[in-house]
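Please work through the exercises below with the sequence and the model open side by side. Attempt each task before reading its solution.

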Amino acid sequence: MSVWHNPAAAVPSLLGLEGELVVVSITVEPHQLEELLDALAHVPFPVNPQIYHQSGVVEFPAYAQRVSDVRATLAAFGFDSAVLHVRSMLDALHASGRDARTGAGARPGSVLPYKQDGPVC
């Protein structure tokens, strides 16, 4: 993976052997989350999903060349391709940083805290 500036690229990105690192978002009805997670278990690469139960959204990182595998798996399990959305990982990171900085109590130029979901091993 490369994080170095590429003057030939119009937009900075995170690149690996399988293309740009992206965020895959899949939105379903909350009662379909279990079916969706079962389907994602059949994607031919490891998926580490972030699950938003109330809104029925599942997000995970993937390389751009692998998005077609996700689409094919979703179709095989009866999901419409319209439930899948892809965006650049850098765009997603910048957006979440802006959201955190502009939230209640945020100060301009403040440092964003690192969120950890569990104990450090």
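The exercises that follow concern a predicted model.

**Exercise 1. The overall fold**

Task: Determine how many helices and strands the protein chain contains, and in which order the elements run.

Solution.
Step 1. The secondary structure of the protein chain amounts to three helices and five strands.
Step 2. Starting at the N terminus, the order of the elements is β-β-α-β-β-α-β-α.
Step 3. The protein chain has 121 residues, of which 28% count as buried.
Step 4. Among contacts with a separation of 6 or more, 62% are between residues 24 or more positions apart.

**Exercise 2. Strand β4 and its partners**

Task: Establish which strands pair with β4 and in which sense, and decide whether β4 is largely enclosed or not.

Solution.
Step 1. Strand β2 pairs with β4 in the antiparallel sense, over seven bridges. In this region, L21 stands opposite Y63 of β4.
Step 2. Strand β3 also pairs with β4 in the antiparallel sense, over three bridges. Here Q50 has E59 of β4 as its bridge partner.
Step 3. Four residues lie between β3 and β4, which form a hairpin. In the turn, G56 has a positive phi of about 70°.
Step 4. Because five of the seven residues of β4 are buried, this strand is largely enclosed by the rest of the structure.

**Exercise 3. The nonpolar cores**

Task: Identify the elements that each supply at least two residues of the largest nonpolar core, and list the contacts of V70 beyond its neighbours within four places in sequence.

Solution.
Step 1. The largest nonpolar core has 19 residues; those that touch the most other members are V24, I26, L36, L40, F60, V70 and L74.
Step 2. At least two residues of this core come from each of β2 (19-27), α1 (33-40), β4 (57-63) and α2 (67-76). Helix α1 provides the largest share, with four residues.
Step 3. Leaving aside neighbours within four places in sequence, V70 contacts V24, I26, L40, V43, F45, F60 and L84.
Step 4. Another core lies apart from the largest one and has six residues, including L21, V23, M89 and A92.
Step 5. A general tendency may be recalled here: in soluble globular proteins, nonpolar side chains tend to be buried together.

**Exercise 4. A glutamate in β4**

Task: Classify E59 as buried or exposed, and find the side chains with which E59 makes a polar contact or a salt bridge.

Solution.
Step 1. E59 lies in strand β4. The relative accessible area of E59 is 18%, and buried means under 20%, so E59 is buried.
Step 2. The side chain of E59 makes a polar contact of 2.9 Å with the side chain of S25.
Step 3. E59 also forms a salt bridge with R87, in which the closest N and O atoms are 3.6 Å apart. This pair links distant parts of the chain, as E59 is in β4 and R87 is in β5 (residues 84-88), 28 residues apart.
Step 4. R87 has a relative accessible area of 37% and is therefore partly exposed.

**Exercise 5. A salt-bridge network**

Task: Find which residues are joined into one network by salt bridges that share partners.

Solution.
Step 1. A search of the whole structure gives three salt bridges.
Step 2. R66 and E18 meet through their side chains in a salt bridge of 2.6 Å, N to O. R66 is in the loop between β4 and α2, whereas E18 is in the loop between β1 (15-16) and β2, 48 residues apart.
Step 3. R66 forms a salt bridge with D69 as well, with the closest N and O atoms 3.3 Å apart. Salt bridges that share partners thus join E18, R66 and D69 into one network.

Note on methods:
Residues numbered from 1 in each chain as written. Predicted model: local features only at pLDDT ≥ 70, side-chain atom pairs only at ≥ 80, totals over all residues. Heavy atoms only, no water. Core = buried A, V, L, I, M, F, W, Y, C linked by side-chain atoms within 4.5 Å. Buried < 20%, exposed > 50% of the residue type's maximum accessible area, 1.4 Å probe, protein only. Contact = heavy atoms within 4.5 Å. Polar contact = N/O pair within 3.5 Å; in protein donor to acceptor, adjacent residues only side chain to side chain. Pairing = 2+ DSSP bridges. Salt bridge = Lys/Arg side-chain N within 4 Å of Asp/Glu carboxyl O.
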